[in-house]
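Colleague: Please take a close look at one part of this model, and then place that part in its wider setting. I should like the criteria behind each term to be given as you go.

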Amino acid sequence: SDPLKLLELRINKLAKSGFITLAAQLADLAPKNDPLGRFDNLYIEEKLLDGDNLSACDRVEKMFSEGKSDSFLLKHLSLCKIFIGDVDSSRLVIDLLHELDPEDKNFFSLASILIDGEQSDLSSFDVLSPLHLAMIKAAKLKIPDGSISNVDQVVLKALAESPNTSLSTRIYAAEKAVSLGILGADKLSSIYSNIVFDKDRINFLFEGEVFDQVDSKALLYQIAKTQVVPEAKAEVLYKSSILAYKENFPITNYSVNIQSYLEVEPNNNLVWFAGDAIAALLYLDKEYEAIEWYKIINSPGNFSDPSAFRVSLNLWPIFFILDPSISQLNITEWVDHMIEISEGKSIQQIETTLGLLQNFNLVVPNEVWVKLLKNNKKVNSYSAPSIYFVNFENAVNEGKIGEAILYSLLMLGNDQKEISPSIGLSVVKGLSKLNLHDEAKKITLEILLSYYNPLSENSLNYQKKQLTIQSSSEDTLEIKKTSTDDSVLNE
């Protein structure tokens with residue numbers, strides 16, 4: 001009975017995911033005679049985040065004149081009255097809100113600051129909405145660092161670009177926004193580039209807690225940009241990658257550093273770096289460059305290096321899809337080596353991989369499945385509810401592309417490397433049946449890439465190097481390597 005309900009759900013989902021501009025654009029296409037005015041709130045929040053207080057307040061006054069008076073509208077009305085200097089009217093609205101919505105302590109604290117100049121501790125903020133952000137800006141206050149952990153996704157982009165946020169807040173907000181796709185990597189690059197580091201910070205870059213500071217990846221980004229020696233650039237990029245994986249921002253890190261990765265040419269001296277370079281290039285759709293790196297790590301001369309061989313095995317399925325001709329192994333050999341190097345602990349990874357590869361014309365001999373069955377140990381894995389499978393298959397059979405994509409996302413869950421083999425195969429086969437071959441390929445590669453993690457490759461030669469940073473007269477940093485058991489960076 002409500003023809004706009006589905007549109008409303010789509011718009012709200014977009015907005016809550018941080019894509020408020022897209023949500024506002026979609027809302028603008030809705031019929032203008034909607035008696036509920038359900039998209040007005042979104043318009044108001046978008047304008048406040050853009051700093052267009054006048055347009056936001058015009059819409060607030062229009063809604064209020066039409067008889068609307070919910071707590072959302074009244075809060076914004078009180079702020080609009082403050083903007084025009086009508087403090088008495090704002091007080092009346094706030095008094096009413098104390099009865100209607102007494103739970104929003106942040107609003108009342110900020111209102112007291114704006115009207116009475118009272119001091120308040122903003123560090124206790126439990127949430128930060130577009131309204132709160134607009135009030136903080138109006139009061140010319142610094143946004144508290146603690147608020148970033150509970151911030152609405154809708155304000156992340158604004159926080160990353162706001163001048164009244166601390167450096168640590170801007171960095172974290174920008175990294176989070178890039179990871180969610182609501183901010184371009186170029187914006188994060190700009191933030192990283194504009195930070196000025198003192199000499200002492202550079203000297204102790206890799207030492208203990210100093211390295212774990214929020215701006216460490218920014219410093220590594222700057223150093224990587226200055227390096228002209230490939231080995232030095234690779235060292236810095238790899239260290240940044242380790243940090244990013246610890247903080248669960250690997251793709252964000254690869255996105256912001258992709259130009260530096262492209263500047264490092266594949267060579268046998270950088271076999272230890274090949275896995276990380278390949279992951280970066282594949283996440284950013286640089287398949288040709290990734291293949292050139294894999295040719296280095298997959299050459300028989302490097303198989304004697306256990307670490308390089310392990311990385312090569314983990315990445316083999318990806319390059320079977322991209323270019324089967326470069327593989328040095330057949331499927332039976334790959335399975336045998338994977339079981340051997342993992343001492344039988346990678347059975348789930350192997351089964352998931354083989355299930356996916358069957359959709360790319362790989363024929364798996366029955367004896368391989370029997371071998372896996374014999375070595376299989378019960379492990380925890382994510383299996384989607386049966387209703388997801390049923391509805392996904394129905395959507396595929398009926399050609400309902402949008403519905404099929406939504407169910408595929410639900411089936412894949414949040415941790416792709418822990419999915420059961422049947423889920424990956426079902427999703428890829430279903431999308432392929434809908435002629436979404438590129439999407440099926442991208443999902444397959446992303447699942448297979450999730451098995452790469454530099455934190456688990458800590459026996460690489462990288463860990464056996466002593467690193468030395470030296471400053472030239474142009475303040476360019478050069479990293480040199482010597483063979484020791486410790487990894488330390490000194491000036």
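Modeller: The torsion about the S-S bond of Cys57 and Cys80 is about -90 degrees, so this disulfide is left-handed. The sulfur atoms of Cys57 and Cys80 are 2.1 Å apart, where a disulfide is taken to be a pair of cysteine sulfur atoms within 2.5 Å. The bridge joins distant parts of the chain, for Cys57 belongs to helix α4 (residues 53–65) and Cys80 to helix α5 (residues 71–83), 23 residues apart. Helices (H or I, at least four residues) and strands (E, at least two) are DSSP runs, numbered from the N terminus. A search of the whole structure finds one disulfide. In general, such a link is a covalent bond between the sulfur atoms of two cysteines. Both Cys57 and Cys80 are buried; buried means under 20% relative accessible area, exposed over 50%, and partly exposed in between, with a 1.4 Å probe and protein chains only.

The basis of these values should be stated. The model is predicted, so local features need pLDDT of at least 70 and side-chain atom pairs count only at pLDDT 80 or more, whereas totals for chains, interfaces and linings use all residues. Residues are numbered from 1 along each chain as its sequence is written, and side-chain values use heavy atoms, with hydrogens and water left out.

Salt bridges come next. Lys62 is paired with Glu66, the closest N and O atoms being 2.9 Å apart; a salt bridge requires a side-chain nitrogen of Lys or Arg within 4 Å of a carboxyl oxygen of Asp or Glu. Lys62 is partly exposed, at a relative accessible area of 43%, and Glu66 is likewise partly exposed, at 43%. Glu66 also forms a salt bridge with Lys68, with an N to O distance of 3.1 Å. Lys62, Glu66 and Lys68 are thus linked in a network of salt bridges. The whole structure contains 17 salt bridges.

One of these lies further along the chain: the side chains of Glu263 and Lys233 meet at 3.1 Å, N to O. Glu263 is in helix α15 (residues 250–263) and Lys233 in helix α14 (residues 230–246), so this salt bridge ties together parts that are 30 residues apart in sequence. Glu263 is partly exposed, with a relative accessible area of 42%, whereas Lys233 is buried, at 3%. Pro230 also lies in helix α14, and its C-alpha atom is 7.9 Å from that of Glu263, at a separation of 33 residues in sequence. Pro230 is partly exposed, with a relative accessible area of 33%. Setting aside neighbours within four places in sequence, Pro230 is in contact with Val264 and Leu270, contact meaning heavy atoms within 4.5 Å.

Helix α15 takes part in a packing as well. Helix α11 (residues 185–193) and α15 pack at an angle of about 75 degrees, with their axes 9 Å apart. Axes are lines fitted to C-alpha atoms, for helices over the stretch in contact, and angles run from 0 to 180 degrees between N-to-C directions. The two helices α11 and α15 are therefore roughly perpendicular to each other; angles under 35 degrees count as roughly parallel, over 145 as roughly antiparallel, 65 to 115 as roughly perpendicular and the rest as oblique. The contact is made by Ala185, Leu188, Ser189 and Tyr192 of α11 with Thr252, Ser255 and Val256 of α15.

Towards the N terminus, helix α2 (residues 20–28) packs with helix α3 (residues 40–49) at about 140 degrees, their axes 10 Å apart. This angle makes α2 oblique to α3. From α2, Ile20, Thr21, Ala23, Ala24 and Ala27 meet Leu42, Glu45, Glu46 and Leu49 of α3. Leu7 has its place in helix α1 (residues 5–16). Beyond its neighbours within four places in sequence, Leu7 is in contact with Leu26, Ala30 and Phe39. The C-alpha atoms of Leu7 and Leu26 are 8.4 Å apart, with their positions 19 residues apart along the chain.

As for the chain overall, it has 25 helices and three strands. Of its 491 residues, 49% count as buried. Among contacts in the chain with a separation of 6 or more, 56% are between residues 24 or more positions apart.
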